[in-house]
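Got the viewer open? Switch to cartoon view, keep the side chains handy, and follow along stop by stop.

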Amino acid sequence: MLSDLPIAVIGAGAMGEAIIGGLLRNELVAADQILASHPREERRRDLAHRYHIHTTHDNLEAAKWGRVVIFAVKPQQLRRVLPPLRGAIRDEDLVISVIAGATIAAFAEALDHLAVVRSMPNTPAQIGCGMTVWTAAPAVTERQRSWAATVLGALGRELYVDNETYLDMATAINGTGPAYVFLMMEAMIDAGVHLGLSRRIAEELVQQTMLGSVQYAIQSGMHPAQLRNAVTSPGGTSAAALSELERGGLRTVLADAIWAAYRRSVELGRQG
């Protein structure tokens, strides 16, 4: 699908590297098809050594080089990064954004280019276990959609949606979601240590419990409430624990956090 297709990655930080690594790990492209741009020479040397790809400090060179041009810079950098690239991308080429809050309209206007895909991956993409939600502008052809699905699928699972407003919602769930999970892991581990477990044992118990619970939920196909009820015996330890979680407002706090992430994603889009 991507054979002999030049891929440019503008902003080769953690997520940019995840894309590069995923494409190469899945043998979707050869190393010499990738050009990554980054302002720091040390970072460019590291990427070239690790992946044997081309690198540059010049975003304009990358934009002109790629048939698929992937933007992975921080949202606050867009106002500086996009204007110098206006008109540099050919009409038949594809732009893919993996930037929180950045709208298709913002890219199309800044670059004077209509074929834009907006996506929201998450940090597990760095090990090929990500969840990426994406959508495409009307100008994106079926062939270009296939390119996008292949690139984003290299990060793990990809899900196309036909409404761009879903991307800000997805940012609050899958994009920010790992932070919620990591915080819960941290709290559970610390509680285990407080009980008297060593940190190593507490970490292993929490990590495998979370991993196994998610895998079980996926394979069972059951509603989370059914799964929760199945492990909650009357008067048992789970019932006592869940009573405290409900009393502490866990559901409300988590919902408030997701709404806060959603509002921030919308705000970032307006700033761009």
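The tour starts with the sheet and then moves to the helices.

Before you click: this is a predicted model, in which local features need pLDDT of at least 70, side-chain atom pairs count only at pLDDT 80 or more, and totals for chains, interfaces and linings use all residues. Residues are numbered from 1 along each chain as its sequence is written, and side-chain values use heavy atoms, with hydrogens and water left out.

**Stop 1: the whole sheet**

Color the strands. Helices (H or I, at least four residues) and strands (E, at least two) are DSSP runs numbered from the N terminus. You should see an open sheet of 8 strands with mixed pairing, in the order E3-E2-E1-E4-E5-E6-E7-E8; two strands pair if DSSP finds at least two bridges between them. E3 and E8 are the edge strands, each pairing on one side only. From one strand to the next, the twist averages 20 degrees. Angles here run from 0 to 180 degrees between N-to-C directions, with axes as lines fitted to C-alpha atoms, for helices over the stretch in contact.

**Stop 2: strand E2**

Select residues 34-37. Which way do the side chains of E2 point? Ile34 and Ala36 go one way, Leu35 and Ser37 go the other, and all are buried (under 20% relative accessible area with a 1.4 Å probe, protein chains only; exposed is over 50%, partly exposed in between). In a regular strand the side chains alternate between the two faces of the sheet.

Now add E1 (residues 7-10), which pairs with E2 in the parallel sense over 4 bridges. Isoleucine 7 stands opposite isoleucine 34. Trace the chain from E1 through helix H1 (residues 14-25) to E2, and you follow a right-handed β-α-β crossover: with the strands pointing away from you, the path from the first strand over the helix to the second runs clockwise.

On to E3 (residues 54-56), parallel to E2 and joined to it by 3 bridges. Here serine 37 faces threonine 56. The chain gets from E2 to E3 through helix H2 (residues 41-51), in another β-α-β crossover that is right-handed.

**Stop 3: H1 against H2**

Show both helices. Their axes come within 12 Å and cross at roughly 15 degrees. That makes H1 roughly parallel to H2, the term for angles under 35 degrees (over 145 is roughly antiparallel, 65 to 115 roughly perpendicular, the rest oblique). Turn on side chains: Ala14, Glu17, Ile20, Gly21 and Leu24 in H1 meet Arg43, Leu47, Arg50 and Tyr51 in H2, where contact means heavy atoms within 4.5 Å.

**Stop 4: valine 68**

Select valine 68, in strand E4 (residues 68-71). Buried or exposed? Valine 68 is buried, with a relative accessible area of 0%. Among the residues it touches are Leu5, Pro6, Leu94, Ile96 and Trp147.

**Stop 5: the other end**

Pick E6 (residues 116-120), which pairs with E7 in the antiparallel sense over 4 bridges. Serine 119 stands opposite tryptophan 134 in E7. Then add E7 (residues 130-136) and E8 (residues 156-160), a parallel pair with 5 bridges. Methionine 131 has arginine 157 as its bridge partner in E8. The link from E7 to E8 runs through helix H6 (residues 142-153), and this β-α-β crossover is right-handed.

Last, bring up helix H5 (residues 104-111), lying across E4, E5, E6 and E7 at about 140 degrees to E6. Helix H7 (residues 165-175) lies across E6 and E7, running at about 35 degrees to E6.

Note on methods:
Lists of a residue's contacts leave out its neighbours within four places in sequence.
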